[in-house]
Amino acid sequence: MASKVISATIRRTLTNPHGAFSRCRHLSTAAAATAVNYEDESILMKGVRISGRPLYLDMQATTPIDPRVFDAMNDSTIHEYGNPHSRTHMYGWEAENAVEVARIQVAKLIEASPKEIIFMSGATEANNTAVKGVMHFYRDTKKHVITTQTEHKCVLDSCRHLQQEGFEVTYLPVKTDGLVDLEMLKEAIRPDTGLVSIMAVNNEIGVVQPMEEIGRICKEHNVPFHTDAAQAIGKIPVDVKKWNVALMSMSAHKIYGPKGVGALYVRRRPRIRLEPLMNGGGQERGLRSGTGATQQIVGFGAACELAMKEMEYDEKWIKGLQERLLNGIREKLDGVVVNGSMDSRYVGNLNLSFAYVEGESLLMGLKEVAVSSGSACTSASLEPSYVLRALGVDEDMAHTSIRFGIGRFTTKEEIDKAVELTVKQVEKLREMSPLYEMVKEGIDIKNIQWSQH
Amino acid sequence: MLRQTTKRAFLGLASRNYTPFAVVSRLYHPNVIDHYDNPRNVGSFDKSDPNVGTGLVGAPQCGDVMKLQVKFDGSGQIIDAKFKTFGCSFLFCLFFLATEWVKGKSVEEVLTIKNSQIAKHLSLPPVKLHCSMLAEDAIKAGVKNYKEKQAEANGETVEA
C-alpha cells in the first residue's frame, strides 16, 4: 500500500510542471521555468529579494555544525545504532564504546576525569539539574543560593522555582562592566548557602567572570560552585581544578556541535551530591536516566576534540575579525558604545549600542545580516534586555543594542559587508531620529520630561 | 497527508523547508517593510514657524519617541505633515499613515482620528497596539501646540 503511494507520488512529481522546490530543477526544466521564488536562487528576506543567504553573525545563539563533526556523527548514526546501555551484545558494546570515547574527549577539554561527565540534553537541562538537584539534596541543612542578575534565563528561572519551594536566593548585582563584585559575593555567603552559580562567559555581552577568584572564595567558605560554561568551553581555556568548580554545564551546539546534547561536569573529589531530575534505569551514574543519544554524544565529543586543537587559532582569527568590525564601525560612526568590559571579554561576542537608533528598526534594515538585539520590540514581553539593565545601561541605550557574534567560519568579507551595512543603516536611522536632531541642536535629552504610557 | 510527507521525505526535500520565511514575512506586513525602506513624510519643519504645530510623545526609556509636525495654512487646514521617530519599524508605517491622514483636514476633523482606526488599517499585531496610541497622542499634541501658538499670537495682537 505504502509503496503504491510512494511510486504514484514520484510519478506525479516527475511529470508535474509546477514543482515548487529548486531540487526539482534537474528533473524537469518546465518546473524550473515556473518555480517563481527559486529560479534565480534569490530569497525574499524582510520584503527584499536578496541573492544568497544572510551573513550569519549570531554565534551566541547557535553555531553551524562543523563538517568534521557531521562526518563523525554520520558514521556513527549508520553503524552504531545499538543502545549504549545494552550489555549483552556487540551492538550495545559498540555504541557504548562510542559514548565512552566522546566522554573522554569532553573531559580532556575541561581537564576533568571522564567519570565526572554526565551527558544530558543540553545546558538548560544541566543547569536545572545542578541548581535544583543540589539544593534538593541538601534541603535539610542548606537553604540559600547565590547567583547573579545576568545569568541565563534557565538558571534564573530554576532559582525562582526554588524560591517558590521556600529557598532563599540572592541575585548579586554586577558592576557596569558586567563583572561580579567579589566583595559583595563574600558578604553574601552565609552558613546555610548551598550553592553559588555564576556563568563563566555571558551569552549576551560576552564578559568573562574572574573564575579563579570566585572559585577560591567558594573554597574558603566551603560552598559548592556551579558555573554555566556553555559559552566558555572550547573558546577560552577551562580547567575545573584551577577554577575549583563543583558543577559545570556544557552545551554542544555552541561549539560547532549538534543541537540537543550537552553535559554536566559533577566533581568526584571532593564529591558533590545531587538529586537527579530524570528518574529511571540509573544511567549516567544514576544522575540522568534514559538512553543516551549516541549520535549526538559522538558529535559533542568530536566538537570538543576539534575545539581543543583549534582553540588558539580560532581565538587569533576571531580577535582579528572583532577588531576589524569594531574599528570599521567606529571610524565612520560616533555614539557607539561597547556593552561590558573590553578587557575581560570573549573575543567572539561584540554587543554594541548605537545611540539614538532603536534596535529593532536597525535589525529591520540589516536584512542581509543575521544578528540579534537587546531591544524591547524584539522580545515578546516588550522589556529591554535584563542583562543590559543589570549593567546599569541607560534605558534608552538598552533599546539600541545589537549583538554581533563572530565564529570559526566567519570571513573578513562578511565582517566588511556587515560594517558597511550597519554604518549605512545607522546613518539613515539617525537622520530620521528626533533624539539625534535634538542632540544636534544642543538639547540635553536627559532633562526632558517625557510623557509616558 | 501521507502523500505529502512521503513526497517530501522521499525526495530528500524535508531539509530544504522554506516555511520559516513565510512566518517571518507574516510577522512583517509588506506595507510595514515598504514604509521602512522608502520612508516618506520624514523630516522637519521650522519649529518657530507660527503655522507649525509640533507634537513630541513617548519616552526613550520605552524605546518609543515620536515627533510629529503639522503645517497649517491661515484658515486652520493642515497642508503638510512630517515626522521623525526613534522606535521600531512599525512606527514608520504608523506615522506615515498618520501624516497622510491629517493632510487636508481641519483642526476639528483631525482630533477625531482614533488609534483603533489606524491599527485596523494596518492589521497591527496585538503586541504593537500601544504604538497606535502614540500616533493618536502625537496628532493631538501637534494640534495642541499649534493652538497654543495661535492663542499666544492672538493674545499679543489684542494686547498690542
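Two short exercises follow, on a pocket and on a strand of this predicted model.

Residues are numbered from 1 along each chain as written, and chains are lettered from A. Local features need pLDDT of at least 70, while totals for linings use all residues.

**Exercise 1. Describe the lining of the second largest pocket.**

Step 1. Fix the term. A pocket is an open set of points on a 1 Å grid where a 1.4 Å probe fits, with protein on both sides within 12 Å along at least five of seven lines; lining residues have an atom within 4 Å of a point.

Step 2. Take the volume: about 630 Å³.

Step 3. Find the centre. Of 27 lining residues, Asn244(A), Ala246(A), Arg267(A), Arg269(A) and Pro270(A) lie nearest to it.

Step 4. Assign helices (DSSP runs of H or I, at least four residues). α8 (211-220) and α9 (240-243) of chain A each supply at least two lining residues. α8(A) gives the most, with five.

Step 5. Sort by chemistry. The lining holds eleven nonpolar, five polar and eleven charged residues.

**Exercise 2. Place strand β9 (residues 247-251) of chain A: what covers its residues, and which strands pair with it?**

Step 1. Check burial (under 20% relative accessible area, 1.4 Å probe). Five of the five residues of β9(A) are buried.

Step 2. Split the faces. Leu247(A), Ser249(A) and Ser251(A) point one way; Met248(A) and Met250(A) point the other way.

Step 3. Find partners (at least two DSSP bridges). β8 (residues 225-228) of chain A runs parallel to β9(A), with three bridges. There, Thr227(A) stands opposite Met248(A). β10 (residues 262-266) of chain A pairs antiparallel with β9(A) over five bridges. In β10(A), Ala263(A) is the bridge partner of Met250(A).

Technical notes
Predicted model: local features only at pLDDT ≥ 70, side-chain atom pairs only at ≥ 80, totals over all residues. Heavy atoms only, no water. Points joined across faces, edges and corners; volume = space filled by probe spheres on them. Nonpolar A, V, L, I, M, F, W, Y, C, P; charged D, E, K, R; others polar. Buried < 20%, exposed > 50% of the residue type's maximum accessible area, 1.4 Å probe, protein only.
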